[in-house]
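The exercises below ask the reader to work through one protein model, from its overall build down to single residues. Each task is followed by a solution that proceeds step by step.

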Amino acid sequence: MKLENYLLKNKKKHIIFDFDETIVKLYLDWDVFRSGIKRITSNYDRELVEKYEKEKLRGIDLMNLGIQKYGKKYWEKLIDFTLEFEKKNLSGESVNREIVKFILENSERYKMYIWSSNTLPTIENSLRRMELFERFERIVTREMYSLAKPYTDGFEVIFHDEVPDKSKILMIGDSGSDEKAAQNCRIDFYKVGYDFE
Ligand SMILES: [Mg+2]
């Protein structure tokens, strides 16, 4: 179902967007990212890295497990690495035309937010280029919360003062962890169509 049609049937006031592969698709070498977080985690816990490889966990799961076990210092190392990785590795992006058009045409009608696992410099550059930066009420990036999706930490930062009526909030994303995060927040989820150019 098209997003506009979905929103005719399901009345919402707040829309939370994931960023990568939802609004744009970032060109990043995820093998480089995975080997970086493996290297950082190995210094704390070789067994955890072995579990990650044996059970074919996703990078995001390895990081969440590490943060739960080793706390702030480990988290800081991950954030520093992620900032550096995106700064050095990002080689371009393509745009999800349907979603960008929707944001441009509807930012008066809805309050819009971003909840992303990417860092602020990457997101800010990209949104400013598309003249979308000012359209968002709040932009919550990887540096601003502890556990990544599907945990609800980012959601709690978006609505740190007051959580609106949850039936009026929609989460839009591309991945299984976006969908699970929405479930954990008890809000509806809409999966984006693939229209990158
Ligand atoms: Mg995504």
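**Exercise 1: Glu124 and its surroundings**

Task: Decide whether Glu124 is buried, partly exposed or exposed, and place Glu124 in the secondary structure of this predicted model.

Solution: Glu124 has 13 other C-beta atoms within 10 Å and is therefore partly exposed, since a residue counts as buried only with 20 or more such atoms and as exposed with 12 or fewer. As to its place, Glu124 belongs to helix H6, which covers residues 120-129. A further step is to look across the fold, where the C-alpha atoms of Glu124 and Ile139 lie 9.0 Å apart in space, although 15 residues separate the two in sequence.

**Exercise 2: The overall build**

Task: Describe the size of the protein, its secondary structure and its division into domains.

Solution: Begin with the inventory, which comes to eight helices and seven strands. For the size, a compact globule of 197 residues would have a radius of gyration near 16 Å, and the value of 17 Å for the protein agrees with this. The C-alpha trace spans about 50 × 35 × 30 Å along the principal axes, and 31% of the 197 residues count as buried. Among contacts with a separation of 6 or more, 72% join residues that are 24 or more positions apart.

Next come the domains: domain 1 is made of 3-27 + 93-191, whereas domain 2 is made of 30-89. Their C-alpha centres are 24 Å apart, and the two domains touch through 12 residues of domain 1 and 10 residues of domain 2.

**Exercise 3: The sheet**

Task: Give the strand order of the five-stranded sheet, and explain why strands S5 and S7 each have one side without a neighbour.

Solution: The five strands follow the order S5-S4-S1-S6-S7 in an open sheet with parallel pairing. Strand S5 (138-140) and strand S7 (188-191) stand at the edges with a single partner strand each, so one side of each has no neighbour in the sheet. Direction ignored, neighbouring strands are turned by 20 degrees against each other on average.

Now follow strand S1 to its partners. S1 (residues 14-17) pairs with strand S4 (residues 111-115) in the parallel sense over four bridges; His14 has Lys111 as its bridge partner there, and Ile15 stands opposite Met112. S1 also pairs with strand S6 (residues 169-173), again in the parallel sense over four bridges, and in S6 the bridge partner of Ile16 is Met171. Finally, consider the side-chain directions along S1: His14 and Ile16 point one way, Ile15 and Phe17 point the other way, and all are buried.

**Exercise 4: The nonpolar cores**

Task: Find which residues touch the most other members of the largest nonpolar core, and list the contacts of Phe17.

Solution: The largest core has 32 residues, of which Ile16, Phe17 and Ile114 touch the most other members. Leaving aside residues up to four places away in sequence, Phe17 touches Thr22, Ile23, Met112, Ile114 and Ile172. Another core of eight residues lies apart from the largest one, with Val49, Tyr52, Leu62 and Ala148 among its members. As general background, nonpolar side chains tend to be buried together in soluble globular proteins.

**Exercise 5: Unusual backbone geometry**

Task: Locate the cis peptide bond, and describe the setting of Glu21 and Arg186, two residues with positive phi.

Solution: As a reference for this exercise, most residues other than glycine have a negative phi, and most peptide bonds are trans. The cis peptide bond joins Lys149 and Pro150, with omega about 15 degrees, and Pro150 lies in the loop between S5 and helix H7 (153-158).

Glu21 has a positive phi near 70 degrees and sits in the loop between S1 and strand S2 (24-26). With 17 other C-beta atoms within 10 Å, Glu21 is partly exposed. For Arg186, which is likewise not a glycine, phi is positive at about 60 degrees. Arg186 is placed in the loop between helix H8 (176-185) and S7, and its 11 other C-beta atoms within 10 Å make Arg186 exposed.

Methods:
Residues are numbered from 1 along each chain as its sequence is written. This is a predicted model: local features need pLDDT of at least 70, side-chain atom pairs count only at pLDDT 80 or more; totals for chains, interfaces and linings use all residues. Two strands pair if DSSP finds at least two bridges between them. Helices (H or I, at least four residues) and strands (E, at least two) are DSSP runs, numbered from the N terminus. Axes are lines fitted to C-alpha atoms, for helices over the stretch in contact, and angles run from 0 to 180 degrees between N-to-C directions. A nonpolar core is a set of buried Ala, Val, Leu, Ile, Met, Phe, Trp, Tyr and Cys residues joined through C-beta atoms within 7 Å. Two residues are in contact if their C-beta atoms, placed from the backbone, lie within 7 Å. The radius of gyration is taken over C-alpha atoms; the globule rule is 2.2 Å times the number of residues to the power 0.38. Domain bounds come from an automatic or database domain assignment.
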